[in-house]
Every structure is written in structure tokens, then in C-alpha cells.
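Colleague: I should like to learn how to read the features of a model such as this one. May we go through it together, step by step?

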Amino acid sequence: MAKRFTTQLFVSRLSAYTTDQSLRQLFAPFARLIKDQQTQRPKGFGFITFESEDDAQKALKALNGKIVNGRLIFVETAKEVEAPTTSLKSNKD
């Protein structure tokens, strides 16, 4: 079964000097830079959501392995996170 391409990309190895604005300029207007909650400094990665799979594939091909703000960045499809499930075990013998 072929895996479906997602419209969301994950960008890693971003410079600590990357800003929301510079990420948006790079992937405008679909970028979301992840920041540390306490310091508000970028964590070095972000997510970009596109309206179509085709646009996401084009951005991935164009920007994966590029140098941005002095850092080699990696762009890949974002992995879908499954909600944690709880197991209800019966203690009956």
C-alpha cells in the first residue's frame, strides 16, 4: 500500500537566529516556528502546512539540504502523531 504524502512538512536544524519572519519568508505563509515556552527562543525546528500535497512536495524538493542562516536544513514530511490510547485490563481470573 502506497503511503499518502502529507501536506505538512517538518523542518529541522534551523539556526537559533531563525525568526518567525524569516521562516515565513522561506515558506510563506504556511510556517510555524516552534519555540521554548520559558525562553521564547526557537527550538531549531518548525512545521509548514500547505494547501496541497503538490505544493508541499515542491517545497520539500526545493529546500531540503539548503543552507539557511548559516545552517544546513532538512525538510521532510511531518509524521502523524496518534493519540495515546489507554488499556482497560480486567483483573478477573
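Colleague: Let us begin with one residue. Does S15 count as buried or exposed, and at what relative accessibility?

Modeller: Please keep in mind that this is a predicted model. The limit for a buried residue is under 20% relative accessible area. S15 counts as buried because its relative accessibility is 4%. The residue lies in the loop between β1 and α1.

Colleague: What is S15 in contact with, leaving aside its neighbours within four places in sequence?

Modeller: With those neighbours set aside, S15 is in contact with V68, N69 and R71. Its side chain also reaches the backbone nitrogen of Y17, at 2.9 Å. As for backbone separation, the C-alpha atoms of S15 and I67 are 9.8 Å apart, and these two residues are 52 residues apart along the chain.

Colleague: Where is T18 placed, and which backbone atom does its side chain reach?

Modeller: T18 is in the loop between β1 and α1. Its side chain reaches the backbone oxygen of S15 at 2.9 Å. A polar contact of 3.4 Å also joins the side chains of T18 and N69. Beyond its neighbours within four places in sequence, T18 is in contact with L23, L33, P42 and N69. T18 is classed as buried because its relative accessible area is 4%.

Colleague: I should now like to turn to the strands. How many bridges join strand β1 to β3, and in which sense do the two run?

Modeller: Strand β1, residues 8-12, is joined to β3 by 5 bridges, and the two run antiparallel. Within this pairing, V11 stands opposite G46 in β3. Strand β2, residues 31-35, also runs antiparallel to β3, with 4 bridges joining them. Here A31 has I48 in β3 as its bridge partner.

Colleague: What do β2 and β3 form, and how many residues are between them?

Modeller: They form a hairpin with 6 residues between them. In the turn, Q40 has a positive phi of about 65°.

Colleague: How should I read T49, and in which strand does it lie?

Modeller: T49 lies in strand β3, residues 42-49. It counts as partly exposed because its relative accessibility is 36%. A residue such as this can be read together with its partner in space: the C-alpha atoms of T49 and Q8 are separated by 4.2 Å, although the two are 41 residues apart along the chain. Their side chains are joined by a polar contact of 3.1 Å.

Colleague: Next, the aromatic residues. What describes a pair of aromatic rings?

Modeller: Such a pair is described by the distance of the centres and the angle of the planes. A search of the whole structure finds 3 aromatic pairs. In one of them, the ring centres of F10 and F45 are 5.6 Å apart and the planes are at 40°, so this pair is tilted. It links distant parts of the chain, with F10 in strand β1 and F45 in strand β3, 35 residues apart. F45 counts as partly exposed because its relative accessibility is 23%.

Colleague: How far apart are the ring centres of F10 and F47, and at what angle are their planes?

Modeller: The centres of F10 and F47 are 5.4 Å apart and the planes are at 55°, so this pair is tilted. F10 lies in strand β1 and F47 in strand β3, so the pair ties together parts that are 37 residues apart in sequence. Ring pairs thus link F10, F45 and F47 into a cluster.

Colleague: How many residues has the largest nonpolar core, and which have the most contacts inside it?

Modeller: The largest nonpolar core has 16 residues, and those with the most contacts inside it are L9, V11, F27, F50 and V75. At least two residues of this core come from each of β1, α1, β2 and α2 (53-63). The largest share, 4 residues, is supplied by α2. To follow one member outwards, set aside the neighbours of L9 within four places in sequence; L9 is then in contact with residues including F47, F50, A56, L60 and V75.

Colleague: Finally, where in the chain is confidence lowest, and where is it highest?

Modeller: The mean is lowest in helix α1, residues 20-27, at 81, and highest in strand β5, residues 71-72, at 93. The chain averages a pLDDT of 80, and 78% of the residues score at least 70.

Terms used. Residues are numbered from 1 along each chain as its sequence is written. Side-chain values use heavy atoms; hydrogens and water are left out. pLDDT is the predictor's confidence in each residue, from 0 to 100. Buried means under 20% relative accessible area, exposed over 50%, partly exposed in between (1.4 Å probe, protein chains only). A polar contact is a pair of N or O atoms within 3.5 Å; within protein, one must be able to donate a hydrogen and the other to accept it, and residues adjacent in sequence count only if both atoms are side-chain atoms. Two strands pair if DSSP finds at least two bridges between them. Rings of Phe, Tyr and Trp (its six-membered ring) pair if their centres lie within 6.5 Å; planes under 30 degrees apart count as stacked, over 60 as edge-to-face and the rest as tilted. Contact means heavy atoms within 4.5 Å. A nonpolar core is a set of buried Ala, Val, Leu, Ile, Met, Phe, Trp, Tyr and Cys residues joined through side-chain atoms within 4.5 Å.
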